[in-house]
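Please walk me through this structure, taking the helices, the charged contacts and the aromatic rings in turn, with the reasoning behind each assignment.

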Amino acid sequence: MMTEWTADEIAVFADRFGLAWLTPELLEQLRAAATRAAAAGAAVPRMPSEFCEPAHIFTGPR
């Protein structure tokens, strides 16, 4: 799972989305923010299977 962005990966990402005008300082800030966002997303607990989730096993009160 990728959680650490490199400077080259961020440069390609920025170019792809029309951000070629970003200075090296702004690219570094974007890299740091992307790394933090990826780490936060990786920390979200996931169900072991798409079929094992509350929507499939929930029953209301009787």
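How many Å should the 19 residues of helix α2 span, and how far apart are its end C-alpha atoms? The model is a predicted one, and in it helix α2 covers residues 24–42, for which a rise of 1.5 Å a residue gives an expected span of 27 Å. The C-alpha atoms at the two ends of α2 are 27 Å apart, which agrees with that expectation.

Viewed down the axis of α2, the buried residues of the helix fall within an arc of 100 degrees, and therefore they line one face of it. These buried residues are Arg-31, Ala-34, Thr-35 and Ala-38, and what they pack against is helix α1, residues 7–16. The other side of α2 carries Glu-25, Gln-29 and Arg-36, which are exposed.

Among the buried residues of α2, Arg-31 deserves a separate look. Its relative accessibility is 17%, and because buried means under 20%, Arg-31 counts as buried. The salt-bridge count for the model comes to 2. In one salt bridge, the side chain of Arg-31 meets that of Glu-4, with an N to O distance of 3.1 Å. This pair links distant parts of the chain, since Glu-4 belongs to the segment before α1 whereas Arg-31 belongs to helix α2, the two being 27 residues apart.

Arg-31 also forms a salt bridge with Glu-28, and here the closest N and O atoms are 2.8 Å apart. Both Glu-28 and Arg-31 lie in helix α2, with a separation of 3 residues, or about one turn of the helix. Glu-28 has a relative accessibility of 39% and so counts as partly exposed. Through the partners that these salt bridges share, Glu-4, Glu-28 and Arg-31 are joined into one network.

Which residues does Ala-14 touch, if residues up to four places away in sequence are not counted? Ala-14 is found in helix α1, and its relative accessibility of 1% means that it counts as buried. With those sequence neighbours left out, Ala-14 touches Leu-19, Ala-20, Leu-22 and Leu-27. As a further distance between α1 and α2, the C-alpha atoms of Ala-14 and Arg-31 are separated by 9.9 Å, while the two residues are 17 places apart along the chain.

The aromatic rings come last. A pair of aromatic rings is described by the distance of the centres and the angle of the planes. A search of the whole structure finds 2 aromatic pairs. For Trp-5 and Phe-13 the ring centres are 5.5 Å apart and the planes stand at 75 degrees, so this pair is edge-to-face. Phe-13 takes part in an aromatic pair with Phe-17 as well, and that pair is tilted, with 4.9 Å from centre to centre and 50 degrees between the planes.

Are the three rings buried or exposed? Trp-5 is buried, having a relative accessible area of 19%, whereas Phe-13, with a relative accessible area of 28%, is partly exposed. Phe-17, at 53% relative accessibility, counts as exposed. Taken together, Trp-5, Phe-13 and Phe-17 form one aromatic cluster.

Methods: Residues numbered from 1 in each chain as written. Predicted model: local features only at pLDDT ≥ 70, side-chain atom pairs only at ≥ 80, totals over all residues. Heavy atoms only, no water. Helix = DSSP H or I, 4+ residues; strand = E, 2+ residues; numbered from the N terminus. Expected span 1.5 Å × (residues − 1). Buried < 20%, exposed > 50% of the residue type's maximum accessible area, 1.4 Å probe, protein only. Arc of directions from axis to C-beta. Contact = heavy atoms within 4.5 Å. Salt bridge = Lys/Arg side-chain N within 4 Å of Asp/Glu carboxyl O. Phe/Tyr/Trp six-rings, centres within 6.5 Å; stacked < 30°, edge-to-face > 60°.
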